[in-house]
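Trainee: I have a new model on my screen and would like to learn how to read it. Could we go through it together?

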Amino acid sequence: SPGRHRRGATGRMDSVPRLSFPDVVSILTQTHACNRCETWNSRLHRMDMQQKRIDMINTVREEMRDQVRLMISSVENVMLVAVLLLTFA
C-alpha cells in the first residue's frame with residue numbers, strides 16, 4: 001500500500017511502522033511512568049545519602065563532645081590537686 005512504504009536515502013523502499021492511537025498512548029504512558037519512577041528513585045537515593053551524611057556528622061559531634069568532656073574532667077582534677085596543694089603547703 002502506498003502509505004506504508006517510503007523511499008529511503010538509498011532509494012530503496014523502507015517499511016514504516018504504523019502505530020494506532022491506543023499504542024501511542026500506551027507507549028507514552030509507560031515512558032511517563034518510567035521517568036516518574038526514575039525521578040523518585042533518584043530523590044530517594046539523594047535523601048538516603050543525605051541521611052548518611054547527617055548520621056556521620058552526628059557521630060563525629062558526639063565523639064568530639066566526649067573528648068571535650070574528658071579534657072574538662074582532667075583539667076578540673078588538676079585544678080583540684082593544685083588547690084589542695086596550695087591550701088596545705
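**Cysteines, charges and surface**

Mentor: Happy to! Keep in mind that this is a predicted model. A good place to begin is C37, which counts as partly exposed at 44% relative accessibility.

Trainee: How far is the sulfur of C34 from the closest cysteine sulfur, in C37?

Mentor: Let's start with the idea that a disulfide is a covalent bond between the sulfur atoms of two cysteines. To count as one, the two sulfur atoms must lie within 2.5 Å. C34, partly exposed with a relative accessible area of 40%, has its closest cysteine sulfur in C37, but that is too far for a bond, as the distance is 6.7 Å.

Trainee: Then how many disulfides does a search of the whole structure find?

Mentor: We can reason from the pair we just met. C37 is in no disulfide, and its nearest cysteine sulfur is that of C34. For the whole structure, the search result is zero.

Trainee: Which side chain does R69 meet in a salt bridge?

Mentor: Side chains of opposite charge can pair when their charged atoms come close. The structure holds one salt bridge. The partner of R69 lies in helix α1 (residues 21-88) as R69 does, three residues apart, about one turn of the helix. With an N to O distance of 3.8 Å, inside the 4 Å cut-off, the partner is D66.

Trainee: Are R69 and D66 exposed, partly exposed or buried?

Mentor: The cut-off for exposed is over 50% relative accessible area, and buried means under 20%. R69 has 53%, so R69 is exposed. D66 has 37%, so D66 is partly exposed.

Trainee: Over the ring of which residue does the charged end of R43 sit?

Mentor: Here we look for a charge over a ring rather than a pair of rings, as the structure holds zero aromatic pairs. The charged end of R43 is 4.8 Å from the ring centre, and the ring belongs to W40.

Trainee: What is the area of the nonpolar surface patch made by L19, V24, I27 and L28?

Mentor: Take L28 as an example: L28 is found in helix α1. At 54% relative accessibility, L28 counts as exposed. Together with L19, V24 and I27, L28 makes a patch of about 360 Å².

Trainee: In what order do the elements of the protein chain run from the N terminus on?

Mentor: The protein chain has one helix and two strands. Reading from the N terminus, both strands come before the helix, which gives β-β-α.

Key. Residues numbered from 1 in each chain as written. Predicted model: local features only at pLDDT ≥ 70, side-chain atom pairs only at ≥ 80, totals over all residues. Heavy atoms only, no water. Helix = DSSP H or I, 4+ residues; strand = E, 2+ residues; numbered from the N terminus. Buried < 20%, exposed > 50% of the residue type's maximum accessible area, 1.4 Å probe, protein only. Phe/Tyr/Trp six-rings, centres within 6.5 Å; stacked < 30°, edge-to-face > 60°. Lys NZ or Arg CZ within 6 Å of the ring centre and 35° of its normal. Patch = residues over 30% accessible without salt bridge, like charges linked within 9 Å, V, L, I, M, F, W, Y side chains within 5 Å. Areas by Shrake-Rupley, 256 points an atom, 1.4 Å probe, with all protein chains shown as cover.
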